[in-house]
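Work through the following exercises with the sequence and the model at hand. Try each task before reading its solution.

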Amino acid sequence: MEAIPYYSLGSAVVALLLAGYYYTSVKKADPGNERMVYLMNEIQSGAKAFLKQEYTWVTGFVVVLAVLIGAFIDPYASVSYVVGAALSALAGYVGMMVATMANARTTQAAKEGPGKALPIAFRGGAVMGFSVAGLALGGLMAVYVVFVYLLEVDDAFEVVTAFGLGASSIALFSRVGGGIFTKAADVGADLVGKVEAGIPEDDPRNPATIADNVGDNVGDVAGMGADLFESYAGSIIAPVALTAFSLSLVAPNAQDIGYVSLLVFPMAVAFVGMLSSIVGSFFVRGGDSTDSKKLSRALHMGTNVAMALTVAATVAVAYWLFEDVDLFDNPIGLAISVIGGLLVGWALGKTAEIYTSDHFGPVKSIAKETETGPATTILKGISVGMVSVAASVALLLIGIAVAYWGGQYAINEEAFATLSGLDAAGLETFGGIYGIAVAAIGLLATTGVVVSVDAYGPIADNAGGIAEMAELDPEVREVTDALDSLGNTTAAVAKGFAVGSAALTALALFKSFEFAVLKASDGETALSLDVGQVEVFIGLFLGAALPFLFASLTIDAVGRAASKMIVEVRRQFAEIPGLREGKEGVKPDSARCVAISTAASLKEMVIPGGIAVVVPLVIGFISIDALGGFLAGALVSGFALAIFMANSGGAWDNAKKYIETGHHGGKGSDQHKAAVVGDTVGDPFKDTSGPAMNILIKVMTIVSLVFASAFVSGPF
């Protein structure tokens, strides 16, 4: 049983070897003609330059926080924090490098049809997917083995939890910085190119086109990879921390309660989920049709196979670990909790697909509203996003109820409470809360293949851009457009998984925070969530407001950066003779646009990223009860806002693409121009503010958990 962390570590190594295999497979593919190779290298160089500068900036933040953790918590915790941050950054960088290598190869394969192009794009994404999953699980298990098993350090689980904070720190800045970069370029390119100049998307005459394609990789690949790295690690840490911080209060009886089984169960689920993802990845096959439904079935086959295998394996793992533990009457209950989380993740993804795919009514209704102009287009997109929140919340609550019931059903509640003797601390409901915590790892157990499918999207998008800029046959662009349209939906699906896991993980971490406060005060200080108390009430409203402030800051950042981009694109069209007309030999200054996006995004990411760490620290040192209210408020409003923004943005984007296929006037029509306006409004929604919201929720919660003992003892 205690060997499970080693098994999980081994599966992580296998995942990294698979990533290496897919890398070799992609590299062998033909990158195309000289022009395509040039464009690929330009995109890769821009992305590398941005990440280098971004990581340089973020390193300063990591160093400061590592010093604070070492001073207030434990020097070992600062080491764990730095390891989590470094591996998260590495995963993003590796994914970006491979994605920028796969784009031209996907374009070249598109000449032979989607059957050749889709597998290359997927394998490029799979390098990202299995690098993220392998580094996250492998790094976390290595930290666990070293500090818990080998060194047996005091407060070892505070040290392990710091790994998650390191991952969250990189994820937040990567999502915000990369999101600002990509959307500044995208908005500038679309508004001046499509609307003002009337030229196609990704036209080589547009100076912002290269920057837009660079942004796809630094935002939607590196940023998304860091996001899912953090989500995956956090979903494992949450039940481990909950077990450690709560049952440490009853240390003499911990073994009788099944302490070790509870600790390693989420690791075992991650282990079987990883193996299932590896098997599932080999089931993705391309077809000959450009029909998005058939492409979607082919792409999601890997996810579906991985999920089915994980469900079967989870039941076996639950019985193996808990059948011989007296206090667990029904081990199947914990399997139900995990499977419930997995199904909720799938359902949230399907809900996102319904609201963002052009095969369903919501997107078609937005496209229809373009006939009366941009205003009604934007209003309908907002409405679609808002109604999607209600459906997503309903699904999440069903998942929470099932997970809670499963956890309670598994444990002999009366015997557990009697043995622990800590009813007042809430341990009589431990099984239910633990069930919710493991539901989060169930939701992300197949992270390897989920990220693979998500990272496929930016590769397909870049492939379309290269096809346009290299002036290939229109049939090639038709294939890449079909792949790209599917990519928008897969991105929305992955965001559904991420935000759903954020809610479940944050809830488990919040409960762990309660127990950590109780432990740090030797049972004398219990966190209050009584809204009748002024401190809690104030914290609740501050927490509810912060996601809106965060969204405002990030949207404003995109707006300011996009304004600079628009001015630059207009200048080049006006001042470079023959550029707008496409005169032979006349090229735009793309490097200038990349530099504008880089400088703006690095400057603009500092304040939003800093708020997520500084605000909970300030509130925590003032009042722990206020911090409890703050975290609760942020969790609820942040989840709703994340769903709203992601789905509105995705719906606007696909409404534009739906029109570009010939509906409602097609490309160049007034309806198309209205849809482009809606899409540019939705760009920061779906690719900057929305995706960063789930990281915001978890960063604030895990910061509070790591610093819980410092809040109790005081800063000095």
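**Exercise 1. Classify V146 as buried, partly exposed or exposed, and place it in the predicted model.**

Step 1. Locate the residue: V146 belongs to helix α4.

Step 2. Take the relative accessible area of V146, which is 32%. Buried means under 20% and exposed means over 50%. V146 is therefore partly exposed.

Step 3. Look at the surroundings. V146 is one of the residues of a nonpolar surface patch, together with Y6, Y7, Y76, L150, L151 and W320. The accessible area of this patch adds up to about 720 Å². Helices α1 (4-28) and α4 each contribute at least two residues to the nonpolar patch.

**Exercise 2. Find L135 and state which residues it contacts beyond its sequence neighbours.**

Step 1. L135 sits in helix α4, which covers residues 114-150.

Step 2. The relative accessible area of L135 is 14%, so L135 is buried.

Step 3. With neighbours within four places in sequence left out, the contacts of L135 are L16, L87, L90, A91, L140 and F229.

Step 4. For a distance along the chain and in space, take S88: S88 and L135 are 47 residues apart in sequence, and their C-alpha atoms are 7.7 Å apart.

**Exercise 3. Is T106 buried or exposed, and what does it touch?**

Step 1. T106 lies in helix α3, residues 75-110.

Step 2. Its relative accessible area is 0%, so T106 is buried.

Step 3. Not counting residues up to four places away in sequence, T106 touches A117, I120, A121, I459, A463 and L483.

**Exercise 4. Examine salt bridges within helices, starting with D481 and R477.**

Step 1. Recall the principle: side chains of opposite charge can pair when their charged atoms come close.

Step 2. Check the distance. The closest N and O atoms of D481 and R477 are 2.7 Å apart. A salt bridge requires such atoms within 4 Å, so the pair qualifies.

Step 3. Check the positions. Both D481 and R477 are in helix α16 (residues 474-520), four residues apart, or about one turn of the helix. An α-helix has 3.6 residues a turn, so residues three or four places apart point the same way.

Step 4. Compare the exposure of the partners. D481 is partly exposed at 29% relative accessible area, whereas R477 is buried at 12%.

Step 5. Repeat for K511 and E514. Their side chains form a salt bridge with an N to O distance of 3.7 Å. Both residues lie in helix α16, three residues apart, about one turn of the helix. K511 has a relative accessibility of 17% and so counts as buried.

Step 6. Repeat for R571 and E575. Here the N to O distance of the salt bridge is 2.9 Å. The two residues are four apart in helix α17 (residues 534-575), again about one turn of the helix. R571 is partly exposed, with 32% relative accessible area, and E575 is exposed, with 53%.

Step 7. Put the pairs in context. The count of salt bridges comes to 18. There is also a network of salt bridges that links K183, D653, K656, K657, D679, D683, K686 and D687.

**Exercise 5. Test whether the length of α17 agrees with its number of residues, and locate its kink.**

Step 1. Helix α17 has 42 residues; at 1.5 Å a residue, its expected span is 62 Å.

Step 2. The C-alpha atoms at the two ends of α17 are 61 Å apart, which agrees with the expected span.

Step 3. A kink of about 25° is found at A545 in α17, shortly before the proline P547.

**Exercise 6. Relate sequence separation to distance in space for H359 and A591.**

Step 1. H359 is in the loop between α10 (332-356) and α11 (361-369). Its relative accessibility is 29%, so H359 counts as partly exposed.

Step 2. H359 and A557 are 198 residues apart along the chain, and their C-alpha atoms are separated by 33 Å.

Step 3. A591 is in helix α18, residues 590-604. At 56% relative accessibility, A591 counts as exposed.

Step 4. A591 and E42 are 549 residues apart in sequence, with a C-alpha to C-alpha distance of 9.0 Å.

Terms used:
Residues numbered from 1 in each chain as written. Predicted model: local features only at pLDDT ≥ 70, side-chain atom pairs only at ≥ 80, totals over all residues. Heavy atoms only, no water. Buried < 20%, exposed > 50% of the residue type's maximum accessible area, 1.4 Å probe, protein only. Contact = heavy atoms within 4.5 Å. Expected span 1.5 Å × (residues − 1). Bend = angle between axes of the 7 residues up to and from the residue. Patch = residues over 30% accessible without salt bridge, like charges linked within 9 Å, V, L, I, M, F, W, Y side chains within 5 Å. Areas by Shrake-Rupley, 256 points an atom, 1.4 Å probe, with all protein chains shown as cover.
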